[in-house]
Amino acid sequence: MTRAVEAAEGLSVQIGLSEETTSRVGLAVAEAVANAIEHGNRGIESSEVRVHLAPEARVLHVTIQDEGHGVDSEQLREASLPDDPLQTGGRGLFLIRELSDRAEAAGTRLSLWFSDRS
């Protein structure tokens with residue numbers, strides 16, 4: 001997970017995105033990869049999580065893909081914070097959606113876009 005976060009943050013800096021955006025990228029990628037490992041691949045060590053980074057003219061497009069059953073776009077759209085603030089889980093999709101400028105889920109693939117917010 002650390003390599004994916006470092007690579008995404010590094011590319012964010014390389015294409016000239018702000019420190020704030022780079023922080024959003026790092027947190028969202030860390031959460032997405034953790035979700036892919038825990039929920040997608042169910043912690044099976046032999047399963048892979050693939051992260052693809054694509055800079056697009058001051059926009060960073062990140063794709064995370066696991067070997068699980070996937071998440072649907074409705075789950076991503078409707079994700080919210082848990083009612084119990086002390087609950088240790090249940091924030092991942094909400095955070096990912098809120099930190100990215102655009103987020104799309106299609107099966108086992110989660111696509112995120114980041115740019116500097118005005």
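Trainee: Before we look at α1, what does buried mean here?
Mentor: Buried means under 20% relative accessible area, exposed means over 50%, and partly exposed lies in between, with a 1.4 Å probe and protein chains only. This is a predicted model, where local features need pLDDT of at least 70, side-chain atom pairs count only at pLDDT 80 or more, and totals for chains, interfaces and linings use all residues. Residues are numbered from 1 along each chain as its sequence is written, and side-chain values use heavy atoms, with hydrogens and water left out.

Trainee: OK, so which residues of α1 are buried?
Mentor: In α1, a helix being a DSSP run of H or I with at least four residues, numbered from the N terminus, the buried ones are A4, V5, A8, L11 and S12. Seen down the axis of α1, they fall within an arc of 135°, taken from the directions from the helix axis to the C-beta atoms, so they line one face of the helix.

Trainee: And which are exposed on the other side?
Mentor: There, T2, R3, E6, V13 and Q14 are exposed.

Trainee: What covers the buried residues?
Mentor: The cover includes α2 (19-40), β1 (50-55) and β2 (60-65), where strands are DSSP runs of E with at least two residues and contact means heavy atoms within 4.5 Å.

Trainee: Switching to S12, what does its side chain make a polar contact with?
Mentor: The side chain of S12, a residue with a relative accessible area of 0%, makes a polar contact with the side chain of T22 at 2.8 Å. A polar contact is a pair of N or O atoms within 3.5 Å; within protein, one must be able to donate a hydrogen and the other to accept it, and residues adjacent in sequence count only if both atoms are side-chain atoms.
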